[in-house]
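Me: I am new to this structure and would like a close look at one part of it. Please start with the aromatic pairs and then follow the chain outward from there.

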Amino acid sequence: MRHEFDVVIIGGGLVGLSLARALAGSGLRQALIEQQLPASAPGDEAWDSRVYALSPGSAAFLDDCGAWQRLPHERVARVETMRVHGDDPGARLEFSAYDAGLRELAFIVENRRLQLALREAAREQDLRVYCPAGWTTLEFRADDIALGLEDGTELLARLVIGADGSESRVRMHAGITVRASDYRQLGVVANFSCEKPHRDVAFQWFRRDGVLALLPLPGNRVSMVWSIAEEPGRGLLALADAALAAEVESACSGVLGTLRMITPAAGFPLKLQRVTQFTKPRLALVGDAAHNVHPLAGQGVNLGFRDARVLARVLKDRGPQGDCGDYALLRRYERARREDVLAMEVATDGLQKLFNNDAVFLAGARNLGLKLVDRQPWLKSFLVHHAVA
């Protein structure tokens, strides 16, 4: 069988689904290919160990997509303050939504609940979904791309969008080069109940052994992300629940009192990936397929949502007779996103290297830098307004 579409999105994760929703009403015939069956809906009492810190800009985009309003509000936490500690006891930097004239700095949302909200929203549009479905061939031609699915179905698309993650097969088949830097670190995640209220504060410690963050969840709960070298990271994952909770409690100087684990710990490798181009004729990359940054700034998924937002706008503005796969059109998307992505790559990579360095002069410089920034309200306001977009 052969089916023709204007846009085929490969990858049904958060960014791929949000892009499909953002293109609803554009007049473009869409299909989405996802290899994995979606995870089952989470239970009312279960907490997802994978959470995202979504900027207010991302929340507004998801609201436009019809997904934000589908999230149970009692499962979403607001971040009103962020406290950043250096590896010197006196080095501290605090960001306040109130001081910046904002209601919040971020929202903490569980992965599976956000996935479910986007899938439910996508059912309201004319979107052909192939799931579970794998693809075997990707043939670039002058006027379209031919996609061969594992069951023998052939799809013809004016534009293919790779939203298939950091190990993107779409990117590989398109011959787009990626430069990767392995941080030799693990991101260890787990959720805890805490003795003391977090008061909507997100905490972050830049330690000599990595970066530890505690993000507020509804109620007296927090979500941990500890970016740490591989060997000690595997050691954390091997600990019993009570021992890991005690380790985290000690690492954060008991700021939230006694901690108790409420989800199993999990770990994932950390790396920086820079692609040489986001687009080719009839192809665009979004999300982790286009960039992969260190999680210390919590901006990875926000970058992906900004990709989807900008690409959807570019495609909608193409004109009634415009070719959605035209390279000149797609280059507009790449130019619009390149600066934002590069700034985040440089910032997160620079901070990772600065704080994972034993040089004495760097220790003094990085802690002094935190203190100096904390004394400059205009600079803190600038950084906050850039991060919440």
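Reply: What follows starts at the aromatic pairs and moves on to the helices, a pocket and some backbone details.

This is a predicted model. Keep that in mind throughout.

**The aromatic pairs**

The structure holds five aromatic pairs. One of them joins Phe61 and Phe305. Their ring centres are 6.1 Å apart, and their planes meet at 55°. An angle over 60 would count as edge-to-face, and one under 30 as stacked. The pair is therefore tilted. Where do its two members sit? Phe61 lies in helix H2, residues 56-64. Phe305 lies in helix H7, residues 300-316. The two are 244 residues apart in sequence, so the pair ties together distant stretches of numbering. Are these rings buried or exposed? Phe61 is buried, and Phe305 is buried too.

A second example is Phe278 with Tyr333. This pair is also tilted, with 6.5 Å from centre to centre and 45° between the planes. It links distant parts of the chain, 55 residues apart. Phe278 sits in the loop between strand S17 (266-275) and strand S18 (279-280). Tyr333 belongs to helix H8, residues 327-355. Both Phe278 and Tyr333 are buried.

**Around helix H2**

Go back to H2, the helix that holds Phe61. Which of its residues are buried? They are Gly57, Ser58, Ala59, Phe61 and Leu62. These buried residues pack against several elements. Among them are helix H1 (14-22) and helix H3 (111-122). Strand S3 (51-54) and strand S7 (106-110) are packed against as well, and so is H7. Just after H2 comes Gly66, with a positive phi of about 80°.

**Into helix H7**

H7 holds Phe305. Arg306 is in H7 as well. Is Arg306 buried or exposed? Its relative accessibility is 7%, so it counts as buried. What does Arg306 touch beyond its neighbours within four places in sequence? It is in contact with Gln299, Arg337, Asp340 and Ala389.

**Arginines over rings**

Two other arginines lie over tryptophan rings. The charged end of Arg75 sits over the ring of Trp47, 3.8 Å from the ring centre. Arg169 lies over the face of Trp135, at 3.9 Å from the centre of that ring.

**Helix H6 and Val248**

Now turn to helix H6, residues 241-251, where Val248 is found. Val248 has a relative accessible area of 0%, so it is buried. Set aside its neighbours within four places in sequence, and Val248 is in contact with Phe192, Leu214, Met224, Trp226 and Leu259. Take Leu214 from that list. Val248 and Leu214 are 34 residues apart in sequence. In space, their C-alpha atoms are 9.6 Å apart.

**The second largest pocket**

The second largest pocket has about 220 Å³ of space. It is lined by 16 residues. Which of them lie nearest its centre? They are His85, Gly86, Trp205, Ala251 and Ser253. Strand S5 (81-85) and strand S13 (201-207) each supply at least two residues of the lining. S13 gives the largest share, with four residues. By type, the lining residues divide into eight nonpolar, three polar and five charged.

**Backbone details**

Most residues other than glycine have a negative phi, and most peptide bonds are trans. Three places here are worth a look on that score.

Ser253, one of the residues nearest the centre of the second largest pocket, has a positive phi of about 55° although it is not a glycine. Ser253 is found in the loop between H6 and strand S16 (259-261). Its relative accessible area is 66%, so Ser253 is exposed.

Arg184 also has a positive phi, near 55°. Arg184 is in strand S12, residues 178-194. At 57% relative accessibility, Arg184 counts as exposed.

The third place is a peptide bond. The bond from Cys131 to Pro132 is cis, with omega near -5°. Pro132 sits in the loop between strand S8 (127-130) and strand S9 (135-140).

Note on methods. Residues numbered from 1 in each chain as written. Predicted model: local features only at pLDDT ≥ 70, side-chain atom pairs only at ≥ 80, totals over all residues. Heavy atoms only, no water. Phe/Tyr/Trp six-rings, centres within 6.5 Å; stacked < 30°, edge-to-face > 60°. Buried < 20%, exposed > 50% of the residue type's maximum accessible area, 1.4 Å probe, protein only. Lys NZ or Arg CZ within 6 Å of the ring centre and 35° of its normal. 1 Å grid on protein atoms, 1.4 Å probe; cavity = no way out; pocket = protein on both sides within 12 Å on 5 of 7 lines; lining within 4 Å. Points joined across faces, edges and corners; volume = space filled by probe spheres on them. Nonpolar A, V, L, I, M, F, W, Y, C, P; charged D, E, K, R; others polar. Contact = heavy atoms within 4.5 Å.
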